[in-house]
Structures are given as structure tokens and as C-alpha cells.
Amino acid sequence: MHTAMVIIPHSDDAVLFCGGTLAKFASEGWQIILVHVTDDTRDSVGLTAEEAKRRNAGELQESSRALGVAEIVELGFPTDSLADVPLGQLRERIVYHLRKHQPYAVFSFDPDQLGEDNMDHVRTAQAVTEAFWVAAFDLHYPEHFSEGLSPFSVCERWYFGRELARPNHIEEVTDFIPKKIEAFLYHQTQIANILHQLILQARTWGRRINIIEDAANGDPRGLVSMFLTEQAEELGNAWNLGEEKLGEVFRLERFGHLEPLFQLHSEPIPGAESSVRREGLDK
Ligand SMILES: [Zn+2]
């Protein structure tokens, strides 16, 4: 069984950016581990920080169960403050969990994405990118080895983001968008906060956006369903997936420019779990 690890700062990031793909992988028998970097203690409206943290953690559990996530690792860094945490401290925790769970694929924010203003996303992307190669060094964090861990290298990195600079892979997830919508709707506390931000901004603009107000005061199901379906539809169309096919887009990295050389000169390791063929990378 292959393992995929998704490393995200906030409870709603995984479902929003790659929920369809995670649900698809889980349905194919992959073990999905979710590393939640922050405590989401401020991601709410009208709650105390303690209550926000409690609700977001609970909603992440429900949402993860819907997607088929096997395990959640809570790192507990304060939310919206990762820019104040030394990068090495965050990187060490990620290296530790890469070595411990040995994922075939890791999913996280792209360090090269455009226009990202959320520093938790930026810092997580930077820490994951560096942890990828540092985890393989036997002189980095040798204290991990006394627990029985070993140097380790992930095979595939699946980077996502609001606007990817170099997307190279679309995952067809048509059958899994309903799961993604169901999972996202568990995040009531995050949804209330997102809607509240938009209402405040529109108020300053001097207007009200009825679909946002209605969702905030009632049931956000229709709005969430419309937004997530249209987003996946637009990507499917842009990438020519085919009639009414839905997708999620990534920068998928394996060996970079060495890929063709390694394909030519590699052979299966006897007894090893089979490698996964990826369209666009495998020739
Ligand atoms: Zn986020």
C-alpha cells in the first residue's frame, strides 16, 4: 500500500486544493496521512480562540473522514504566525514525519505559486520543499535515528496553489467532486470566517453580495457546491479533459530534468512495491 502525505497549515486547505485527488487516492487503496501545521485558533468569527481551535480540529476530523484520510498529525503551531517561527523549526518537524511515515507522494503548497499573500501557506511551502531533500541526509537531525527512523526521500511532490506558475499535471476527479463538497461543508467554522471577510470587504465597497449574505445567514451548501464544481469544470476545460470532466491541477515533480535518463536506465527492484505510472512523466 502506498502512502500519500498532505502537509497543510490550515484545516480547510487540503480539501480545497486537493480534496478530490485525496479522495480518489484513498478509494484506490492509498493510505493518506494529513499533517496539520497550525492550530487554526483564529480562523473563526464570533468565537473565543479556544473554541475556534476546538471546532476547527473537530471539523477537520469529520472532513478528513469523508475524504478517507487514515491519520491526522497535529503540529500545533500558532495560526497566521508561521512567518514568526524559525523556518528550521518547522522544517525539522516535517522531516521527522516524512521519515516516520515514508510517503511515496507528498502534497503541499507550491513555493513558486504566484500572488500568495498568506504567509502560513508560503512558509509551509518553503519548509516542505527543503524538508524533501534534507530528509535524505544522514547528518540532518540524526537524533531522529535513535527512534529507529532512517534517512528517507519522497518519490513524488504534488504542489498546489491559488495560481501555479508552472502547472504540469491535471488529475481527473469527476467522480470525487461530490466527496470534496461534502468534506468542505464540514468546515462550518472556516466557511463562516471566509464569508464574513467577504461581507466586510463588500460593505466597504458600498454593496452587498446576496449569494454571500444568504450563505452566511443560512445554508452555504448551494454556494460551496457551485464554487467548487465550477472551479473543477474550468480546469477540466482548460486542460481538455473531455466533456464535463472535472479536475485538480498540480505541479508534479519527480526527478525533474533527469527523468528521461532515469527511465532509460532504471529497472524494478525485486520485491519492492510497484512504482506508480504518471501520465506526462512516464513515457
Ligand atoms: Zn490556508
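**Exercise 1. Find the atoms that coordinate the zinc ion, and decide which geometry they form.**

*Solution.* Start with the donors, meaning N, O and S atoms within 2.8 Å of the metal (3.2 Å for Na, K and Ca); water is not among the atoms, so sites may look incomplete. His10 (ND1), Asp13 (OD), Asp13 (OD) and His121 (NE2) coordinate the zinc ion at 2.1 to 2.7 Å. This is a predicted model, in which local features need pLDDT of at least 70, side-chain atom pairs count only at pLDDT 80 or more, and totals for chains, interfaces and linings use all residues. Residues are numbered from 1 along each chain as its sequence is written, and side-chain values use heavy atoms, leaving out hydrogens and water.

Next, look at the angles. Four donors count as tetrahedral if all angles lie between 85 and 135 degrees; four count as square planar and six as octahedral if opposite donors are over 155 degrees apart and all others between 65 and 115; anything else is irregular. Here the four donor atoms subtend 52 to 130°, so the arrangement is irregular.

**Exercise 2. Trace the zinc donors along the chain, and decide whether His10 is buried or exposed.**

*Solution.* First, the spacing reads H-x2-D-x107-H. His10 lies in the loop between strand E1 (3-8) and H1, while His121 sits in helix H4 (residues 119-134), 111 residues apart. Helices (H or I, at least four residues) and strands (E, at least two) are DSSP runs, numbered from the N terminus.

Then check accessibility: buried means under 20% relative accessible area, exposed over 50%, partly exposed in between (1.4 Å probe, protein chains only). His10 has 5%, so His10 is buried; His121, with 3%, is buried too.
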